[in-house]
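I opened the notebook with a short list of places to look up, and I take them one by one below.

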Amino acid sequence: MSAVQDDRPWTADAGDGTYRNPVLNADWSDPDVVRVGEDFYLTASSFGRVPGLPLLHSRDLVNWSIVGHALDRLEPAADFAVPRHDRGVWAPSLRHHAGRFWIFWGDPDHGIQQVSAENIRGPWTVPHLLKAGKGLIDACPLWDEGTGEAYLVHAWAKSRSGIKNRLTGHRMSADGRELLDEGKTLIDADTIPGWFTLEGPKLYRHNGEFWILAPAGGVGTGWQGAFRSHDFFGPYEERVVLAQGRTGVNGPHQGGWVRTAAGEDWFLHFQQRGAYGRVAHLQPMRWDAEDGGWPVIGDAGEPVAVHPKPVAPPQPAEAPASSDGFPGGRYGRQWQWTANPRPGWTVEHGGDGLRLSCVRTAHAHDLRALPNVLVQRLPADTFTAEVDVSLDSEEPGAKAGLAVLGDAFSWIGLERSAGGDGGVRLVHRYAETVAVHERDAEHSRPAPDGRARLRIEVGPGARCRFHADTGDGAGFRPSGQVFAATPWRWVGALLGLFATAPTGTGPAGTACFTGFRTTA
């Protein structure tokens, strides 16, 4: 347990038997969910960050905590030695079969992979490449408990394959390690008037039929579709079962169906929200026998904002951790690296606080190119993030700081001067999409003790104001102009910690971060 406790006013649990959407108000992209007994587990896209495949736990589908990750490193490891912000793990599917948890996902540059484990907390198997190829994404398995047959469905990324708007199906071996045929197109949405960008399929059996719940219409503006057939290979009939309608929830789609122990049906999906990424909403769901047995999601096919919670055992109000006291020198499960980590990036020590090595690099001017940035999601619409940092390096040009990282970035922190008195100064820098802009002359001042308390205030629209307290008695002072956080193409903006030094030989010192705290 972290020594710094989260202040969590942004939990979705209203405390009166209802919840408000989004239930996960952070970038839990492309969620999928499964129930085992009275416990629910969720995974989401992690793209190029490591560890990958985050694992969340809940007892009521509203209050969630992070319990681990299923992927220690991204493979092929050499490809992810540098940041691949929009690549890697896309739209995983989480299932439980034969006493094991299974996760299948598509890497758009390498193919469909899977891992499995007896316990959600691991150990997980090493990734197995089930189907190699370009543009293979959004994979989902199905084990038919009635017949013993196993199947796989996946979508296509046009950017890699030239194919889109199509779902392909395979018969699969029961151990999930081999496809038993060449595959067949299950649904070609080019033949369905008005449908485009069909992707993200989730495959189920219900009432003797095969069901594919799949979104279409694009990430920010699309809808949720349902397809059904008596035979896995079709033909399928379709219906739109969730759309924005009269609500303010744009593109409510792509997620998973789960049934509670009490027999209630629920659908968890995402909404694209700019720099905040893809937040997760929970919708009630039912099967309408009077309308041919089709699913009805939300309020007659439109997203709900507030709704009674699922019938489930009591659970304290909770949201995934974001604050961290770094007890024992270790970082919490909310943090990920921007590429496969290397030995020596963190320095073990006996006390609290995270000690990062000042990694030598020629790319210190551009945080987007650094693999050794430790990041986490923006935890809410509006919040403040603070951390203490000390720079323990005599290397001229060594630096460490707190950043908002995306297609553009900005950071505030400490740097060892290369000239003059060689002291440590507080600096604030930012970069737009094309060029890095240094503002040291305007936003720089001495940090005589080599330490500072850093603060980022994030307001509506992810507009960020940077502050610092260098211990000179003046308290927190603002630095620079307001910075508008920006996402990458598929990934929301991130909070990050880093420590770097110029190229050279030998150790370059460390930076110590303590008391990382997020508050409303």
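I began with glutamine 336 in this predicted model and listed what it touches beyond its neighbours within four places in sequence: the partners are Ser46, Arg49, Val50, Pro51, Gly52, His69, Val373, Leu374, Val375 and Arg377. Glutamine 336 is found in strand S23, and I count it as buried because its relative accessibility is 1%, against a limit of 20% for that class. Two of the listed partners also appear among its polar contacts, since I found the side chain of glutamine 336 in polar contact with the side chain of arginine 49 at 2.9 Å, while the same side chain reaches the backbone oxygen of proline 51 at 2.7 Å.

I then turned to glutamine 334, which I placed in the loop between strand S22 (306-308) and strand S23 (336-337). Is glutamine 334 buried or exposed? I noted it as buried, with a relative accessibility of 6%. Setting aside the neighbours within four places in sequence, I recorded contacts of glutamine 334 with Ile66, Ala321, Ser322, Ser323, Asp324, Val375 and Gln376. One of these partners, serine 323, offers its backbone oxygen, which lies 2.9 Å from a polar atom of the glutamine 334 side chain. I marked Val375 in particular, as it is in the contact list of glutamine 334 and also in that of glutamine 336.

The next entry concerns serine 29, found in the loop between strand S1 (18-20) and strand S2 (32-36). Here too I wrote down a buried residue, at 1% relative accessibility. Apart from its neighbours within four places in sequence, serine 29 is in contact with Ala44, Ser45, Phe47 and Arg278, and I found a polar contact of 3.0 Å between the side chains of serine 29 and aspartate 30. I also checked serine 29 against valine 306: the two are 277 residues apart in sequence, and their C-alpha atoms are 21 Å apart in space.

Arginine 160 came after that, and I located it in helix H1 (residues 158-161). With a relative accessible area of 25%, arginine 160 is partly exposed, because that class runs from 20% to 50%. Which residues does arginine 160 contact, leaving aside its neighbours within four places in sequence? I listed Arg87, Trp90, Pro108, Asp109, Lys134 and Gly135. Its side chain is joined to that of serine 159 by a polar contact of 2.9 Å, and its C-alpha atom is separated by 8.5 Å from that of leucine 136, which is 24 residues away along the chain.

Last, I looked up the protein as a whole, for which I noted one helix and 37 strands. Its radius of gyration is 24 Å, close to the 24 Å that the globule rule gives for 520 residues, so I wrote it down as being as compact as a globular protein of that length. Along the principal axes I read a C-alpha trace of about 80 × 50 × 45 Å, and I found that buried residues make up 61% of the 520 residues. Of the contacts between residues at least 6 apart in sequence, 59% join residues at least 24 apart. The accessible surface comes to about 19,500 Å², with 49% of it belonging to carbon and sulfur atoms. I closed with the charges: there are 51 positive and 61 negative side chains, and the centres of the two sets lie 3 Å apart.

Notes:
Residues are numbered from 1 along each chain as its sequence is written. This is a predicted model: local features need pLDDT of at least 70, side-chain atom pairs count only at pLDDT 80 or more; totals for chains, interfaces and linings use all residues. Side-chain values use heavy atoms; hydrogens and water are left out. Helices (H or I, at least four residues) and strands (E, at least two) are DSSP runs, numbered from the N terminus. The radius of gyration is taken over C-alpha atoms; the globule rule is 2.2 Å times the number of residues to the power 0.38. Buried means under 20% relative accessible area, exposed over 50%, partly exposed in between (1.4 Å probe, protein chains only). Contact means heavy atoms within 4.5 Å. Accessible areas come from the Shrake-Rupley method with a 1.4 Å probe; for residues, only the protein chains shown count as cover. Lys and Arg count as positive and Asp and Glu as negative; His and the chain ends are not counted. The place of a charge is taken as NZ of Lys, CZ of Arg, CG of Asp or CD of Glu. A polar contact is a pair of N or O atoms within 3.5 Å; within protein, one must be able to donate a hydrogen and the other to accept it, and residues adjacent in sequence count only if both atoms are side-chain atoms.
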